[in-house]
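This note is for a colleague who has the coordinates open and wishes to know where to look. The points below follow the strands, the interior, the open spaces and a few individual residues.

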Amino acid sequence: MSDELTIFQKIIAGEIPGKIEYEDEHCAVLHDINPQAPIHMLVVPKKVIPRLDQSSDDDTELLGHLLQIAHTMAARCGDGEGFRIVINNGRKAGETVPHLHIHVLANRAMHWPPG
Ligand code: 5GP
C-alpha cells in the first residue's frame, strides 16, 4: 500500500478543505464535493481499507459501526423520507477513491435499478 495519504485522510487531517459533519475515533463523515442528491455524505473509516473486498474478519466491528453511523447521519441530516447507502467496489462499479467509504444519499426520490 502507498505511504501517501488518501484524499479522505487529507481532509480528516485538515490538510485540504472539506466539510466534516461528524467524527469519532473510528470514522469521519464528509459532505461529498460533487453531491448526487441534496444530502450526499461519505462515511469514511480512519483505518484505510482500500475497498470492501479487502476488508477482513478483523474489520467486522468497524464495518458495523460505519453502517450505524450511516443511518444516524441520515436521521440527522435527512428529511426522514428515506435514504440510500451505496458502496462502489472496483472501477467497473464506479469506485474512484481507493479508501473504503459508504455513500449516504437522501432528500430526493431514488430510482431502481441504479445506473
Ligand atoms: P467513489 O466513486 O469512489 O464511490 O466515491 C468517491 C466520492 O468521493 C465521489 O462521490 C466524489 O465526488 C468524492 N470526492 C472525491 N474527491 C473529493 C474531495 O476532495 N472532497 C470530497 N468531500 N469528496 C470528494
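1. Two strands are said to pair here if DSSP finds at least two bridges between them. On that basis, strand β1, residues 20-23, pairs with β2 through three bridges, and the two run antiparallel. Please note that this is a predicted model; every value in this note is computed from it.

2. How many residues make up the hairpin connection between β1 and β2? The hairpin joins β1 to β2 through three residues. Within this pairing, Y22 has V29 of β2 as its bridge partner.

3. On to the next pairing: β2 and β3 are also antiparallel, and five bridges hold the pair. L30 has its bridge partner in β3, namely L42. In β2, four of the five residues are buried, so this strand is largely enclosed by the rest of the structure. As a general point, side chains in a regular strand alternate between the two faces of the sheet.

4. The interior deserves a separate comment. The largest nonpolar core contains 17 residues, and those with the most contacts inside it are V29, M41, V43, L66, I69, M73 and V104. At least two residues of this core come from each of β2 (27-31), β3 (39-45), α2 (60-77) and β5 (102-106). Helix α2 provides the largest share, seven residues.

5. A second core of eight residues is separate from the one just described, and its members include I12, A28, L42 and V97. L42, the bridge partner of L30, is therefore to be sought in this second core, since a core is a set of buried nonpolar residues joined through side-chain atoms within 4.5 Å and L42 is listed there. V29, the partner of Y22, is instead among the residues with the most contacts inside the largest core.

6. Which residues does V104 touch, leaving aside those up to four places away in sequence? The contacts of V104 are with I39, H40, M41, V43, A70, A74, R84 and I85. Of these, M41 and V43 are listed with V104 among the residues that have the most contacts inside the largest core.

7. The largest pocket holds about 740 Å³ of space. It is lined by 31 residues, of which D32, Q36, H40, N88 and H103 are the closest to its centre. The lining draws at least two residues from each of α1 (7-12), β2, β3, β4 and β5. Helix α1 gives the most, with three residues. By class, the lining of this pocket has 15 nonpolar, 12 polar and four charged residues.

8. Enclosed space should be listed apart from the pocket. One cavity of 30 Å³ or more is found in a search of the whole structure, and the volume of the largest cavity is about 30 Å³. Its lining is formed by P50, R51, I87, N88, E95, V97, L100 and H101. Four of the lining residues are nonpolar, two are polar and two are charged. N88 thus appears in two places, because lining residues are those with an atom within 4 Å of a point: N88 lines the cavity and is also one of the residues closest to the centre of the largest pocket.

9. L52 is found in the loop between β3 and α2. Its relative accessible area is 33%, so L52 is partly exposed. Leaving aside residues up to four places away in sequence, L52 touches L63, I87, N89 and L100. L52 and L100 lie 48 residues apart in sequence, yet their C-alpha atoms are 6.3 Å apart in space.

10. G94 belongs to the loop between β4 (83-86) and β5. Is G94 buried or partly exposed? With a relative accessible area of 37%, G94 is partly exposed. The C-alpha atoms of G94 and H31 are separated by 18 Å, and the two residues are 63 apart along the chain.

11. Two backbone features in the segment after β5 merit inspection. N107, in that segment, has a phi near 75°, a positive value in a residue other than glycine. N107 counts as partly exposed because its relative accessibility is 27%. P113 is also placed in the segment after β5, and the peptide bond joining W112 and P113 is cis, with omega about 5°.

Methods: Residues are numbered from 1 along each chain as its sequence is written. This is a predicted model: local features need pLDDT of at least 70, side-chain atom pairs count only at pLDDT 80 or more; totals for chains, interfaces and linings use all residues. Side-chain values use heavy atoms; hydrogens and water are left out. On a 1 Å grid over the protein atoms alone, a cavity is a set of points where a 1.4 Å probe fits but cannot get out, and a pocket is an open set with protein on both sides within 12 Å along at least five of seven lines; lining residues have an atom within 4 Å of a point. Grid points are joined across faces, edges and corners, and a volume is the space filled by probe spheres set on the points. Ala, Val, Leu, Ile, Met, Phe, Trp, Tyr, Cys and Pro count as nonpolar, Asp, Glu, Lys and Arg as charged, and the others, Gly among them, as polar. Buried means under 20% relative accessible area, exposed over 50%, partly exposed in between (1.4 Å probe, protein chains only). Contact means heavy atoms within 4.5 Å.
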